[in-house]
Amino acid sequence: MTVYGKKGSPAEKYAKDNGIAFVAVTLDVPKVRSAVVDNDTITLRFDKVDGAVEYQIYRKVGKGAFELLDTLAPAKAGIYSDADVEEGSRYTYYVIADGVNACSEFDGATVTSVHVPMRRSCANSTPRCFHVRPPSFVR
């Protein structure tokens with residue numbers, strides 16, 4: 001007999017406690033196709049996965065640890081906008097698909113990193129003075 005289910009699920013515990021073989025069922029890992037910075041928002045586009053009932057978006061800032069940023073229903077999956085970003089910071093993302101009896105596993109290959117550049121505004125830039133001189137033939 002073999003029990004199939006999510007890694008870390010009650011099914012796995014049952015199989016282990018009763019000496020039964022357990023096989024973790026996994027979903028494909030959603031691949032992040034793009035991460036685009038536009039003003040103060042990073043927009044992620046990622047693949048939907050068959051069997052997913054939700055998608056978990058994970059993010060780390062700089063060299064920090066990954067934290068769960070948001071959870072999306074399949075109807076809203078495929079695109080995610082992160083508006084909680086700061087100029088000059090690097091953000092790294094990955095997406096996990098979770099199903100009823102399976103989930104995708106973080107494989108390290110599907111991580112996407114993006115840097116939010118500093119924007120220059122007229123108020124923050126050094127003013128320059130340009131002197132326009134008439135040509136020498138004009139008097």
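Guide: Let's start with aromatic pairs: rings of Phe, Tyr and Trp (its six-membered ring) pair if their centres lie within 6.5 Å, and planes under 30 degrees apart count as stacked, over 60 as edge-to-face and the rest as tilted. The structure above is a predicted model, in which local features need pLDDT of at least 70 and side-chain atom pairs count only at pLDDT 80 or more, while totals for chains, interfaces and linings use all residues. Residues are numbered from 1 along each chain as its sequence is written, and side-chain values use heavy atoms, with hydrogens and water left out.

Visitor: How many aromatic pairs does a search of the whole structure find?

Guide: The search finds three. In one of them, Phe 46 and Tyr 55, the ring centres are 5.6 Å apart and the planes meet at 55°, so this pair is tilted. Both Phe 46 and Tyr 55 are buried (under 20% relative accessible area; exposed is over 50%, partly exposed in between, with a 1.4 Å probe and protein chains only). Phe 66 and Tyr 94 make an edge-to-face pair, with 4.8 Å between centres and 75° between planes.

Visitor: Where in the chain do Phe 66 and Tyr 94 sit?

Guide: They link distant parts, 28 residues apart: Phe 66 is in the loop between β5 and β6 (67-72), and Tyr 94 is in strand β8. Strands (E, at least two residues) and helices (H or I, at least four) are DSSP runs, numbered from the N terminus. Phe 66 counts as partly exposed because its relative accessibility is 29%, whereas Tyr 94, at 10%, is buried. Together with Tyr 58, Phe 66 and Tyr 94 form one aromatic cluster.

Visitor: Which residues touch the most other members of the largest nonpolar core?

Guide: A nonpolar core is a set of buried Ala, Val, Leu, Ile, Met, Phe, Trp, Tyr and Cys residues joined through side-chain atoms within 4.5 Å. Here the largest has 20 residues, and Ile 42, Leu 44, Phe 46, Tyr 55, Ile 57, Tyr 91 and Tyr 93 touch the most other members. Elements giving two or more residues to this core are β4 (41-46), β5 (52-61) and β8 (90-99). The most come from β8, which gives four. As for Leu 44, its contacts (heavy atoms within 4.5 Å) beyond four places in sequence include Val 32, Ile 57, Ile 79 and Tyr 93.

Visitor: Is Asp 82 buried or exposed?

Guide: Asp 82 counts as buried because its relative accessibility is 2%. You can find Asp 82 in strand β7 (residues 79-82). A polar contact is a pair of N or O atoms within 3.5 Å; within protein, one must be able to donate a hydrogen and the other to accept it, and residues adjacent in sequence count only if both atoms are side-chain atoms. The side chain of Asp 82 makes such contacts with the side chains of Arg 59, at 2.8 Å, and Tyr 93, at 2.7 Å.

Visitor: What can be said about its partner, Arg 59?

Guide: Arg 59 belongs to strand β5, and with a relative accessible area of 13% Arg 59 is buried. A polar atom of the Arg 59 side chain also lies 2.9 Å from the backbone oxygen of Asp 84. Beyond four places in sequence, the residues touching Arg 59 include Phe 66, Leu 69, Tyr 91 and Thr 92.

Visitor: In which direction do the side chains of strand β9 point?

Guide: In a regular strand, side chains alternate between the two faces of the sheet. Along β9 (residues 112-115), Thr 112 and Val 114 point to one face and are buried, while Ser 113 and His 115 point to the other and are not buried. Two strands pair if DSSP finds at least two bridges between them; β8 and β9 run antiparallel and are joined by four. Thr 92 stands opposite Ser 113.

Visitor: Where does pLDDT stay under 50?

Guide: pLDDT is the predictor's confidence in each residue, from 0 to 100. The chain has a mean of 81, with 82% of its residues at 70 or more. Residues 122-139 stay under 50, and the model has two contacts beyond four places in sequence for them. Where pLDDT is low, the predicted coordinates should not be read in detail.
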